[in-house]
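Student: I have a structure open on my screen and would like to go through its contacts with you. Could we take it one question at a time?

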Amino acid sequence: APEGWPFVLGGMSLTIVFGGLAVFATPGPSGIRLVFWALAGISGVLTLFTLYFFRDPIRQRRDGEDLVLAPADGRIVEIAQEDDEGLLPEPFTRISIFLSIFNVHVQRAPISGRIDLKEYKPGRYLAAWNPKASSDNEQATIRMDGGPGRQVIVRQIAGLIARRIVTDPEEGDLVPQCGRIGLIRFGSRVDLFIPRDWEVTCHLGDKVRGGLSEMARIPQGREDDPR
């Protein structure tokens, strides 16, 4: 992902600097060369991990206009029915996905639709698996309108380590299902809000992949917006 290049280039630079110091340092009783080699090794390993963390694999949407796909890679830690959000016209189901530092951190659109709401709210940095993270943590929210009766919300939530949320689309943008919608740096959480009458097909504890795993099905008869 493009957001990872500053970290990768910074790590590569440090690795080269420490490696150069190790090569050209004057040997001495303090073992200064060994210290520089150790620092170069640590920096190199962290750089490789950064490359791994910011990976952005190519994924193609699954067939089926009635499918709601996972907005993120991770593990489902909560499925709850709520009705006090105020961003959807009807009671909804919230499905929360926890992303560890080993998951892909690019988020993808669960349905095809137009972004009709984009909000950012500063907040705390509770551990992403904490239920209060959904309401208390720093977060960015987008609402997607896929036509009459086909609105969903995706909320990116910062975690204990995460300090930067990237949300790509702007209000009015049309995003295809499985299209990239953003990224959260390091451990985080993504909440998906869907109308309560939609059939939830995932389960607590499931491991899901953004843009690939089925989360829910839209009831028949909810036609796409002709726009």
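The talk below goes through salt bridges, aromatic rings, a small sheet and a surface patch.

Student: Before we start, what kind of model is this?

Tutor: Good thing to settle early. Local features are taken up only where pLDDT is at least 70, and side-chain atom pairs count at pLDDT 80 or more. What you have on screen is a model that is predicted.

Student: Let's begin with charges. How many salt bridges are there?

Tutor: Side chains of opposite charge can pair when their charged atoms come close. Here a side-chain nitrogen of Lys or Arg has to be within 4 Å of a carboxyl oxygen of Asp or Glu. By this rule the count of salt bridges is 11.

Student: How far apart in sequence are the parts tied together by Arg 108 and Asp 56?

Tutor: The two side chains form a salt bridge, with 3.1 Å from N to O. Arg 108 belongs to strand β4 (residues 106–108), while Asp 56 sits in the loop between α2 and β1, so the pair joins parts whose separation in sequence is 52 residues.

Student: Is Arg 108 buried or exposed?

Tutor: The cut-off for buried is under 20% relative accessible area. Arg 108 has 6% relative accessibility, so this residue counts as buried.

Student: And which class does Asp 56 fall into?

Tutor: Partly exposed covers the range between under 20% and over 50%. With a relative accessible area of 32%, Asp 56 is partly exposed.

Student: Asp 56 also meets Arg 180. How many residues apart in sequence are the parts that this pair ties together?

Tutor: The side chains of Arg 180 and Asp 56 form a salt bridge at 3.9 Å, N to O. Because Arg 180 is in strand β10 (residues 180–184) and Asp 56 in the loop between α2 and β1, the pair ties together parts at a sequence separation of 124 residues.

Student: Which residues are joined into one network by salt bridges that share partners?

Tutor: We have just met Asp 56 with Arg 108 and with Arg 180. Shared partners make one network of Asp 56, Arg 108, Asp 168 and Arg 180.

Student: Where are the two partners of the salt bridge between Arg 59 and Asp 73?

Tutor: Their side chains meet at 2.7 Å, N to O. Both residues are buried, Arg 59 with a relative accessible area of 12% and Asp 73 with 6%. The pair links distant parts of the chain, 14 residues apart: Arg 59 is in the loop between α2 and β1, and Asp 73 in the loop between β1 and β2.

Student: On to the rings. Are the planes of Phe 49 and Tyr 52 stacked, tilted or edge-to-face?

Tutor: Planes under 30 degrees apart count as stacked and over 60 as edge-to-face. The ring centres of Phe 49 and Tyr 52 are 6.2 Å apart and the planes stand at 45 degrees, so this pair is tilted.

Student: Which residues make up the ring cluster around Phe 49?

Tutor: Phe 49 and Tyr 52 are three residues apart in helix α2, about one helical turn. The rings of Phe 49 and Phe 102 have centres 6.2 Å apart and planes at 85 degrees, so they are edge-to-face. Ring pairs thus give a cluster of Phe 49, Tyr 52 and Phe 102.

Student: Which residue lies over the face of Tyr 52?

Tutor: The CZ of an Arg must be within 6 Å of the ring centre to sit over a ring. At 3.9 Å from the ring centre of Tyr 52, the residue over its face is Arg 55.

Student: Which strands stand at the edges of the sheet β1-β14-β12?

Tutor: Three strands form this open sheet, and their pairing is antiparallel. Each edge strand has a single partner, so one side is left without a neighbour in the sheet; these strands are β1 and β12.

Student: Last one: which helix gives the largest share of the nonpolar patch?

Tutor: Trp 5, Leu 9, Met 12, Leu 48 and Leu 51 form this surface patch, with about 520 Å² of accessible area together. Both α1 and α2 supply at least two residues, and Met 12 is found in helix α1. The largest share, three residues, comes from α1.

How values were computed: Residues numbered from 1 in each chain as written. Heavy atoms only, no water. Helix = DSSP H or I, 4+ residues; strand = E, 2+ residues; numbered from the N terminus. Buried < 20%, exposed > 50% of the residue type's maximum accessible area, 1.4 Å probe, protein only. Phe/Tyr/Trp six-rings, centres within 6.5 Å; stacked < 30°, edge-to-face > 60°. Lys NZ or Arg CZ within 6 Å of the ring centre and 35° of its normal. Pairing = 2+ DSSP bridges. Patch = residues over 30% accessible without salt bridge, like charges linked within 9 Å, V, L, I, M, F, W, Y side chains within 5 Å. Areas by Shrake-Rupley, 256 points an atom, 1.4 Å probe, with all protein chains shown as cover.
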